[in-house]
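This briefing introduces a protein structure to a reader who has not met it before. Please look over the sequence and the structure below, then follow the notes topic by topic.

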Amino acid sequence: MTFTTRFARRFVRATGALELMQDLAGAAPGTHMLGGGNPARIPAVEAVYARRLAEIAADPEQFRRFAASYAAPGGDAGFRATVAAALAARHGWPLTARNVALTGGSQSAFFTLFNLLAGEADDGPARRILLPLAPEYIGYTDVGLSEGMLVSRRAAIEELPDGFFKYRLRFDELESVPDVAAICVSRPTNPSGNVLSLEELVRLDSLARRRGVPLIVDAAYGLPFPGIQFTEEGTLWNDNVVLCMSLSKLGLPATRTGIVIAAEPVIEAITAFNATAALAPGSTGAVIIEPLLANGELDTLCREVIRPYYAARSRQAVDWLREACAGLPLRIHRPEGAFFLWLWFPGLPIGSRELYRRLKARGVLVLSGHHFFPGLDDDWSHRDECLRINYSQAPASVAAGIGAIGEEARRAYGA
Ligand code: PLP
């Protein structure tokens, strides 16, 4: 079958997201999975979800909401009210259920939001989503209905002691970017694990307000939950901020639950789109999580189990990497959140795509860094010198994968 529509040209093609998800789903047994964005299987967390499933199965009303009826097009009404009340109580944000919509994973929230806000318009030139700090999340790359919907600016690199570095925003570069419809950042950032400070977030919000556009904050890994932020406690919401959250990194990616917190007109637009595209989002994740959010158990789980778990795994992965790459010019982005390490091999002679291929041939899946520069037109050699690894899977497998990275990097440098 040949698809000849513009829609097909945009969406039926080999994208980075497709490669990543196919790698994830099609890996042969024994593959070391350091690619993809699957969260860890944390027994103490899964025990809570298993308990919730038993409670749902035993309660006809919860079961009705879980699987036996359509939700409203904005998502399960009870869960939306609980999210609003919990975040209002914890952060003092003036929220009601009318500020909350659910989507089929937060990935589909970005599809909807980017196309609602940016692209061709009746009232002037096509407008774009500004990603102020590249590298940024691969999943933004291809969601636009039209080409050229993203524009980004490369980060400044700050070298830190002990072989670490950190990306910094270059605010002076952002003021003059034309035709901006919204500013969007992931925090923590996928791929680097960078966490913008609250002050930087407030500054981005002021910039967005001056330009009359919203600030989209992608908190898939961050606060309010799952809160995988190691260095920074604060977060931000106001009526100019569109806060995108997810249940995936809490350990429930298969429930495909995204949560958008925003001013009412944004929520109404997402709700209308949901009705057309999907009738309603799924409710399974919402029904599992709702009482845990209402009674504070989720907060405790995030603070006492999930965040310390990933912090410990991150320290362990850094140690393994340093050992595997001793003597090589490896730099690691300071791990401030999420569950990735972002490796920079300055001057890597074979480029990151070839390093990815050589590792894949050895049964080690990672992600080549070049995927993570959506909307960046300039010719930055840095984008071919980086790898992203996910350190959340079984420790022995992560250690073996890191060992292979060390060997292949050594071979690449001829060291
Ligand atoms: N945002 C970021 C930064 C991500 O890394 C991901 C997934 O890995 C998503 C959004 C989308 O997650 P989901 O659609 O599972 O909510």
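Pro-224 is found in the loop between β9 (215–218) and β10 (241–246). The model is a predicted one. In it, a cis peptide bond joins Leu-223 and Pro-224, with omega at about 5 degrees. The points below take up the backbone, the loop that also holds Trp-237, the ligand, helix α9, and two serines.

**Backbone features**

- A second cis peptide bond to describe joins Arg-187 and Pro-188, where omega is about -5 degrees.
- Pro-188 belongs to the loop that runs between β8 (180–186) and α7 (198–210).
- Asp-162 is not a glycine, yet its phi is positive, at about 65 degrees.
- The loop between β6 (156–159) and β7 (164–168) holds Asp-162.
- Asp-162 counts as exposed because its relative accessibility is 61%, and the cut-off for exposed is over 50%.
- Leu-279, also a residue other than glycine, has a positive phi near 65 degrees.
- Leu-279 is placed in the loop between α8 (264–278) and α9 (284–294).
- With a relative accessible area of 52%, Leu-279 is exposed.

**Trp-237 and its surroundings**

- Trp-237 lies in the loop between β9 and β10, the loop in which Pro-224 is found.
- The relative accessible area of Trp-237 is 8%, and this residue is therefore buried, given that buried means under 20%.
- Beyond its neighbours within four places in sequence, Trp-237 is in contact with Trp-93, Pro-94, Leu-95, Asn-99, Leu-243, Ile-261, Ala-262 and Ala-263.
- A polar atom of the Trp-237 side chain lies 2.9 Å from the backbone oxygen of Val-241.
- The side chain of Trp-237 also reaches the backbone oxygen of Ile-261, at 3.1 Å.
- From C-alpha to C-alpha, Trp-237 and Gly-37 are 25 Å apart in space, and they are 200 residues apart in sequence.

**The ligand and its pocket**

- The ligand takes up the space of the largest pocket.
- There are 14 residues around the ligand, of which Asn-190, Asp-218, Tyr-221, Ser-246 and Ser-248 come nearest.
- Helix α6 (residues 105–117) contributes four residues to the shell around the ligand, the most of any element.
- A polar side-chain atom of Ser-248 is 2.6 Å from an oxygen atom of the ligand.
- For Ser-246, a polar side-chain atom is 2.7 Å from an oxygen atom of the ligand.
- In the side chain of Lys-249, an N or O atom lies 2.8 Å from an oxygen atom of the ligand.
- On its own the ligand has 400 Å² of accessible area, and the protein covers 93% of this.

**Helix α9**

- Helix α9 is mostly covered, since eight of its eleven residues are buried.
- The buried residues of α9 are Gly-285, Ala-286, Val-287, Ile-288, Ile-289, Glu-290, Leu-292 and Leu-293.
- These buried residues pack against the helices α3 (43–57), α4 (60–68), α5 (77–91) and α10 (297–324), and against the strands β2 (100–104) and β11 (257–261).
- Gly-296, just after α9, takes a positive phi of about 85 degrees.

**Two buried serines**

- Ser-368 is part of strand β15 (residues 367–368).
- Ser-368 has a relative accessibility of 2% and so counts as buried.
- A polar contact of 2.6 Å links the side chain of Ser-368 to the side chain of His-370.
- Not counting residues up to four places away in sequence, Ser-368 touches Ser-352, Arg-353, Tyr-356, Cys-386 and Leu-387.
- Ser-397 is located in helix α12 (residues 395–413).
- Ser-397 is buried because its relative accessible area is 16%, which falls under the 20% cut-off.
- Leaving aside neighbours within four places in sequence, Ser-397 is in contact with Thr-31, His-32, Met-33 and Leu-34.
- Ser-397 and Pro-291 are 106 residues apart along the chain, and their C-alpha atoms are separated by 35 Å.

Notes: Residues numbered from 1 in each chain as written. Predicted model: local features only at pLDDT ≥ 70, side-chain atom pairs only at ≥ 80, totals over all residues. Heavy atoms only, no water. Buried < 20%, exposed > 50% of the residue type's maximum accessible area, 1.4 Å probe, protein only. Polar contact = N/O pair within 3.5 Å; in protein donor to acceptor, adjacent residues only side chain to side chain. Contact = heavy atoms within 4.5 Å. Near = heavy atom within 4 Å. Areas by Shrake-Rupley, 256 points an atom, 1.4 Å probe, with all protein chains shown as cover. 1 Å grid on protein atoms, 1.4 Å probe; cavity = no way out; pocket = protein on both sides within 12 Å on 5 of 7 lines; lining within 4 Å. Sits in = over half its atoms within 2 Å of the grid points.
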